[in-house]
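Student: Please take a close look at the pockets of this protein. I would like to know what lines them and where the lining comes from.

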Amino acid sequence: MSDRDPDCLFCQIVAGEVPSDRVHEDDDVIAFRDVNPQAPTHVLVIPRQHVADAHSLADEDGPLLASLFGAIRRVAAAEGLENGYRVITNVGAEAGQSVFHLHLHLIGGRPMRWPPG
Ligand code: AMP
């Protein structure tokens, strides 16, 4: 897997070429607010390296998954989501994926319904 796709919007956000409202970053991942929020908190957590989607992860990507969920935990705590939150990753166009760089949606701050649409 290559580190960067020059045509990828989220790679451009990682590089700082496209602005974002960052709420967390470390060596492996960054987190920033979704430009079209679906709840009071709607943050995207993404790897710095380009990975198209969750289906493209390999068995050896366990440490990256730990970093992604570590960021989720930290941002959720910082946002005061002690009553709960939802973590979503869309895989493929039929599931609603529109940016093909792996991202976890962290959504919270309002009651959620199930099943999702
Ligand atoms: P998905 O449809 O699961 O691929 O989610 C992509 C998300 O990226 C959507 O919720 C968009 O609102 C969000 N998004 C697209 N462009 C930007 C941007 N420049 N900054 C922040 N969020 C974005």
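**The two pockets and their linings**

Tutor: In this predicted model, strand 4 supplies the largest share of the lining of the second largest pocket, with 3 residues. Strand 4 spans 85–88, and together with strand 5 (104–108) belongs to the elements that each give at least two residues to that lining. In total, 17 residues line the second largest pocket, and those nearest its centre are Arg86, Ile88, Ile107, Arg110 and Pro116. By class, the lining of this pocket divides into 9 nonpolar, 5 polar and 3 charged residues. The volume of the second largest pocket is about 350 Å³.

The other pocket to consider is the largest one, with a volume of about 410 Å³. Its lining is made of 22 residues, and Phe10, Asp34, Val35, Leu44 and Val99 are the closest to the centre. Three elements give two or more residues to the lining of the largest pocket: helix 1 (9–14), strand 2 (29–33) and strand 3 (41–47). Of these, helix 1 gives the most, namely 3 residues. The lining of the largest pocket comprises 9 nonpolar, 10 polar and 3 charged residues.

To put the two side by side: the largest pocket has 10 polar residues in its lining, while the second largest has 5. Each lining has 9 nonpolar and 3 charged residues. The leading contributor is helix 1 for the largest pocket and strand 4 for the second largest.

Terms used
Residues are numbered from 1 along each chain as its sequence is written. This is a predicted model: local features need pLDDT of at least 70, side-chain atom pairs count only at pLDDT 80 or more; totals for chains, interfaces and linings use all residues. Side-chain values use heavy atoms; hydrogens and water are left out. On a 1 Å grid over the protein atoms alone, a cavity is a set of points where a 1.4 Å probe fits but cannot get out, and a pocket is an open set with protein on both sides within 12 Å along at least five of seven lines; lining residues have an atom within 4 Å of a point. Grid points are joined across faces, edges and corners, and a volume is the space filled by probe spheres set on the points. Helices (H or I, at least four residues) and strands (E, at least two) are DSSP runs, numbered from the N terminus. Ala, Val, Leu, Ile, Met, Phe, Trp, Tyr, Cys and Pro count as nonpolar, Asp, Glu, Lys and Arg as charged, and the others, Gly among them, as polar.
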